[in-house]
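Let's take a walk through this one together. Have the sequence and the 3D view open side by side, and follow along as we go.

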Amino acid sequence: MATAIQCRDLRKTYDGKVEAVRGLNLEIQTGECFGLLGPNGAGKTTTIEILEGLLEPTSGEVSILGHSWRENERELREWLGISLQETRLSEKLSVRETVGLFASFYREPRSTDDVLEEMQLTEKADAWVGKLSGGQRQRLAVATALVSNPKILFLDEPTTGLDPQSRRQLWDIIGEFQGAGGTVLLTTHYMDEAERLCDRLAIVDYGQIIAEGTPADLIERLGGHHVVEFAISGNSDSAALEIWQELPSVESVREEDGMVGLSVREPHLTIPALLDAIDKQGHQLEHLTTRQASLEDVFVRLTGRHLREE
Amino acid sequence: MSVAEKIPVVTIPSPKRPVRRNGRWAGYWHLLWARLLELKREPEVVFWVFVFPLLLAAGLGIAFRNKPVQAAPVAIVSGAAADRAEALLQRSPRHASFKIDVLDESAARKGFRLGKYDLVIQPDLAGGLRYLYDPARPESVLARAEVDDALQAAAGRKDVVATSEITSSEPGSRYIDFLIPGLLGMNLMNSGMWGVGFALVDMRQRKLLKRFVGTPMRRGDFLAALLSSRLVLMIMEIGLLLSLGVIFFHMKVLGSIFTIVLLGSIGALCFGGVGLLTASRAQKIESVSGLMNLVMMPMWIFSGVFFSYERFPAMAQPLIKALPLTALNDALRASILEGTPLVHQWPRLLVMALWGGISFVLALRWFRWT
């Protein structure tokens, strides 16, 4: 399998002060859907814009489909489709005019009507962009990227601010593009989106990759597929956390807002032992849930923070 | 491998429409067309570019139109001598140019103060007449001279020098003739600066420029399309204003349409370049608005749009003549009003070409796409 996107020791410093990206390495294969996952301000957008050739890195190498931006910008532009985090397209142009305009920049674009059909925008083809809903605008943004018939699709937070139905529509579109052999690089701060779409992902924090792998890998590395969360009456101080660590099958313990969370391999071994332990301490169980571990747990485990925190 | 196993693998090619191929200029034409569509759909643009200058020209044209000479309103204070003065004036061959009212002194003075009368004639105690007039009001001065002349002639004064008169109020030397080319120049400046500068900063602010740069769009084509859209509008602006002048104010256009359009094009491109430079780095509409006004303000005042720049001190003249709007206004006036050929206007063309060309080069160097 050929490498679609590769970067080595990427760094970007704004105004000589703010280090947005601090030594980032990536290798993305063709046909892959790769996700950059991280909180706001982690350096995701800076990274993707450097890869798109829209920002000059302070240092480091970027290679797209084996070419560098410096030498083959024009060719590369023909091969990429990009959707920026926030582009306000001209409100007084119709959907068809907008896609047609973008198509005119490429040597061999796809038919505008095909793309509109695929994006479920045919009904809105003659409507002005200003009249579209948020979901339709976002689909239009992706349509302007897909009309070029790209080999690689870059999407910067494609579903931020969309309603659940619009998100799912976009996911289907991205899935179809990948199914037809396309490579996708997307950024997101939604866990479910990353788990659902990405073959592999990198968790980015403070301009560096802190973990990389398939979603299942990353969760596996957490040391348990299940999370048991409970609360008990009375205060459980930090010393008490050690007790939970001793329970069978528990991999790690954390506490938050009076709830204790255990990463657990086999809940059927942990839970009876947990109930016994609480009983012995003379506390009352006030709350108990178990669920599948998610990428959110991975992120919290790695950074001690939640993804959506500013 | 059996046939049966193979069948599901065969995919029927989806009925995709054939790939189209774009030529070298496809991007340019689409950008130009998109720009014109946007302008057409923006009611504010239609108003400021087309309706506003027409209203301005019509309003000023009507306010400063050449009025037919009206009878001067004259008050005579009633009294014994009043009848004699009125009779003398009525006997004068010029009696039609006065409108005479006889009334008491306080009413006459009040009417004079309010501007109802240009002149008050008051018989004095010695049997003569006394004129009450305001030397600061031209019509008052004129009425005094005319009335005095008429009275003296009617009373038997003999003119010692034989004189005769010819009147002249030809189209070409009226205020509206001065005004229309000036408005045309100002309009080309306003719409050039705003049309290019505002559009660019707006697109930069909306991250649309950045999105465009993410495609293989040729950056030169983009700027060329923006400037070309100005040329299309310029032709309409010239057509509208000149038609207004010709149809409603019977203006005479002496220069050829070709020359005027060519001057307009040079002017439009010149201000397009200045607009490009003004907008080359600004990130926000607010900051570019201030810059634009700063650049245009001196030209609104000094470049002879509404009144001749000859009124400014001689020392300032070379500076004023180096402004691009002065060059455009002078060139348009020379062409439209006097039919001066282009070859005689080369210093003005050079001024515009330098402003536009240097701005364009600097703008390209400093331009910020993201």
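What follows goes from confidence, to chain A, to the interface, and then to a pair of residues in chain B.

Keep in mind that this is a predicted model. It scores ipTM 0.86 and pTM 0.78. For chain B the mean pLDDT is 85, with 92% of its residues at 70 or more. The part to treat with caution is residues 1–13 of chain B, where pLDDT stays under 50. For that stretch the model has one contact beyond four places in sequence.

Now to chain A. Its secondary structure adds up to 11 helices and 13 strands. Along the principal axes, the C-alpha atoms of chain A fill a box of roughly 75 × 45 × 40 Å. The chain has 310 residues, and 53% of them count as buried. If you take the contacts in chain A with a separation of 6 or more, 69% are between residues 24 or more positions apart.

For a closer view of chain A, pick out Leu295(A), which sits in helix α11 (residues 295–303). Is Leu295(A) buried or exposed? Its relative accessibility is 0%, so it counts as buried. Around Leu295(A) you'll find Leu37(A), Met191(A), Ala194(A), Glu195(A), Leu201(A), Pro215(A), Leu218(A) and Ile219(A), all touching it, with residues up to four places away in sequence not counted. Take Met191(A): Leu295(A) is 104 residues from it in sequence, yet their C-alpha atoms are 5.9 Å apart in space.

Next, zoom out to where the chains meet. The size of an interface is often given as the accessible area lost when the parts come together. Here chain B and chain A bury about 3200 Å² between them, and 53% of that is on carbon and sulfur atoms. On the chain B side, Arg41(B), Arg211(B) and Pro216(B) lose the most area to chain A, together 23% of what that side buries. Counted by contacts, 31 residues of chain B meet 36 residues of chain A.

What about polar and charged pairs? Between chain B and chain A there are 15 residue pairs in polar contact, counting pairs with both residues at pLDDT 80 or more. Which elements of chain B give two or more residues to the side that touches chain A? They are α2 and α8 (208–213). The largest share of that side, seven residues, comes from α2(B). The interface also holds five salt bridges. In one salt bridge, the side chain of Arg41(B) meets that of Glu97(A) at 2.9 Å, N to O.

Stay at the interface and find Asn22(B), in the loop between α1 (3–6) and α2 (26–40) of chain B. With a relative accessibility of 19%, Asn22(B) counts as buried, because the cut-off is under 20%. Its contacts in chain A are Ala103(A), Ser104(A), Phe105(A), Tyr106(A), Arg107(A) and Pro109(A). A polar atom of the Asn22(B) side chain lies 2.7 Å from the backbone oxygen of Tyr106(A).

Finally, turn to Arg204(B), in helix α7 (residues 175–205) of chain B. Arg204(B) is buried yet has no salt bridge. How far away is the nearest side chain of opposite charge? That is Asp202(B), 11 Å away. The Arg204(B) side chain does reach the backbone oxygen of Ala279(B), at 2.9 Å. Beyond its sequence neighbours within four places, Arg204(B) has contacts that include Leu209(B), Ser280(B), Gln283(B), Phe367(B) and Thr370(B).

Definitions and conventions: Residues numbered from 1 in each chain as written. Chains lettered and ligands numbered in written order. Heavy atoms only, no water. pLDDT = per-residue confidence, 0-100. Contact = heavy atoms within 4.5 Å. Helix = DSSP H or I, 4+ residues; strand = E, 2+ residues; numbered from the N terminus. Buried < 20%, exposed > 50% of the residue type's maximum accessible area, 1.4 Å probe, protein only. Polar contact = N/O pair within 3.5 Å; in protein donor to acceptor, adjacent residues only side chain to side chain. Lys, Arg positive; Asp, Glu negative; His and termini not counted. Salt bridge = Lys/Arg side-chain N within 4 Å of Asp/Glu carboxyl O. Buried area = accessible area lost by both parts, 1.4 Å probe.
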